[in-house]
Amino acid sequence: MTKRNLYLKNTPVDDALEQFMEAVRKTVAVRYETISVLDALDRITSHAVYARCCSPLFNSAAMDGIAVVAETTAGASEASPKVLAPEDYLVINTGNPIREPYNAVIMAEDAMELGEGRLQITAAAAPWQHIRPIGEDIVTGEMILPGRHKIRPIDIGVLTSAGIREIEVVKKPEVAIYPTGSEIVELTDDNVKEGNIIESNSRMFENMVKVEGGNPHRFSILADDPDVIREAMKEACGKYDMVLINAGTSAGTKDYTVHVLRELGEVLIHGVAVKPGKPVILAIVNGKPVIGLPGYPVSAYIGFVNFVTPVLQYMSNETAQPEEFIRARISRRLVSSLKYREYVRVKVGRVGDKIIAAPLSRGAGAAMSLVRADGLCVIPQNSEGVEAGDEVGVALYRPLKEVENTAVLIGSHDLILDIIGDMMPNHYPGKFVSSTHVGSMAGLMSLKRGECHMAPTHLLNEEDGVYNISYLQSMFREPMALIKGVERIQGLMVKKGNPCGITGVESLPGKRYVNRQRGAGTRVLLDYRLKKLGISPEEINGYEREASTHMAVAAAVESDSADVGMGILSAARAMNLDFIEVGPEEYDFAVPVKFLELPVVQAFIEILKSEEFHEKLEELGGYGYKRCGEVIII
């Protein structure tokens, strides 16, 4: 008598996946490879990537025109034009280097030719106008991409600008795909006829594997012969990272797959409580995950989504994208078995003020129902179904809007934002940090306008010496909170050996200075110190020259386009500069109370509190973290 299969269990979907993934994690490791940046589109970074060089590499013209010494143009106006002789300027094009003694560019259209090389200008040039300073876009040592990041076209451009030719990425899993069944045939012109069943599931699997970041290897149809299937599985489990075998997984007398896999390895699951798609096999053979999927197209698809996709995401280090899940009113009654979780394909539309879900064909072989569907309505196990008009959950294929799961920060810059941005997707997959550096005051204004979740800030109240709190009290009417960040050391960054002999803020007059933008906490601190010393900003050469980050200030000093700039100790160390301490300050995060319970904000707070984050601060140097992650309600 031919042996018939029996299911070991009618295992709930979530339990089956948990058991299988536990086995996969014990036997399968994520692998990495180094490839050319030019071939890195859509690949996943293995770790954070840092710039090898600045962009631009040198001070360069931002406009076509003439390079001048700004001081020689003083006094020029419409009423009193100034004439420049040929020796007073240098014709220059966008992107050309700007070298001493020139320190400004006048646009070509703002200079009138008078003949014999003479030019007339009607406005004085400000130092550093129309000049892109070294490191304006990218600074050596700056984090370009975090780990576990899918590389986009713009990322490749930036990586190239940053001098990076090769990059380590997650190796794509190699997936073997075997269709089985003596009753099916390959697609050829001769085979499209009555009586033939065209094999198509494996073609769907090939592309689903690609979408999930794997390399598919599809093989010819295997006959319903245990010896043939056994040899194919033995070879595949020695050569490939993962094996999919389609059909032959049910309880028929010619369904040999489960017997072969038991001989070769361990079958963890045979049969799951899902409709359609019960006959799924989950096995480990030679340390490789092997998944047997049912032959009916819809069953095969649901089995792939439930079990193959999570394994591929683990092996390729892909972040699982959360489904867009909505509540809708079902248009007709659906009866379901208590034994299964059932997936019903639905069309979705808005009718008046309601979202309506209309069921499509429920047959396991109705592949076109997947093509037509807008989503899947999930009827839980142990439910007898739903009545017409009941509210149901629908997992959408076509999202009504994009799911946003990013903590958006606008405000002051610090290197710790890069660290948090790198840690977030690794510790909290699917959550990300976006930070824009505009200075503390501009960040608070953005927060007030509802443009971000949090504003990094380090604004000193000169009257009481307390950071940040008074600004939130005066600027916001809604309930606010302050997430305590780090204590950090501000100081003056100078070239190694301090060739200008700078001792403190009192030494700045007469030196070439590079400043932070208006409203930046660092600039507020400088102004406070200058005021205490009785030094006017007009005495500082370069006071109006602005950089948007601490690293950009450090790059200007390191490249000798400035003698000194104020910033944090970690930026000085990153650019191998000497550092003259000015004083400690508090770098915190302003946040409306209503955002505190957002999962991504909670994850942000947990990272601030974590030992790993504190260890990274120790490596950078110049930070204290006694109150890191503490929340103060204002």
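Me: Looking at this model, is K484 buried or exposed?
Reply: Keep in mind that this is a predicted model. K484 sits in strand 32, which covers residues 480-494. Its relative accessible area comes to 6%, and buried means under 20%, so K484 counts as buried.

Me: Which side chain does the side chain of K484 make a polar contact with?
Reply: Leaving out residues up to four places away in sequence, K484 touches E586, D588, L608, R627, C628, G629, E630 and I632. For the polar contact, the distance is 2.9 Å, and the partner is the side chain of D588.

Me: And V83, why does it count as partly exposed?
Reply: V83 lies in strand 5, residues 82-84. Partly exposed is the range between under 20% and over 50%. V83 falls in that range because its relative accessibility is 42%.

Me: Which residues form a nonpolar patch on the surface with V83?
Reply: Patch members need over 30% relative accessible area, and V83 is at 42%. Together the patch residues have about 250 Å² of accessible area, and V83's partners are M112 and L114.

Me: How far does helix 11 reach from its first C-alpha to its last?
Reply: Helix 11 runs over residues 521-533, so 13 residues, and the expected span uses 1.5 Å times one less than that number. The expected figure is 18 Å, and the helix comes close to it, reaching 18 Å.

Me: Which residue just after helix 11 takes a positive phi?
Reply: Within helix 11, the buried residues include G521, L525, Y528 and L530. Just past the helix, phi is about 75°, and the residue with that value is G534.

Technical notes: Residues are numbered from 1 along each chain as its sequence is written. This is a predicted model: local features need pLDDT of at least 70, side-chain atom pairs count only at pLDDT 80 or more; totals for chains, interfaces and linings use all residues. Side-chain values use heavy atoms; hydrogens and water are left out. Patches are made of residues with over 30% relative accessible area and no salt bridge: like charges are joined within 9 Å, nonpolar side chains (Val, Leu, Ile, Met, Phe, Trp, Tyr) within 5 Å. Accessible areas come from the Shrake-Rupley method with a 1.4 Å probe; for residues, only the protein chains shown count as cover. A salt bridge is a side-chain nitrogen of Lys or Arg within 4 Å of a carboxyl oxygen of Asp or Glu. Helices (H or I, at least four residues) and strands (E, at least two) are DSSP runs, numbered from the N terminus. Buried means under 20% relative accessible area, exposed over 50%, partly exposed in between (1.4 Å probe, protein chains only). A polar contact is a pair of N or O atoms within 3.5 Å; within protein, one must be able to donate a hydrogen and the other to accept it, and residues adjacent in sequence count only if both atoms are side-chain atoms. Contact means heavy atoms within 4.5 Å.
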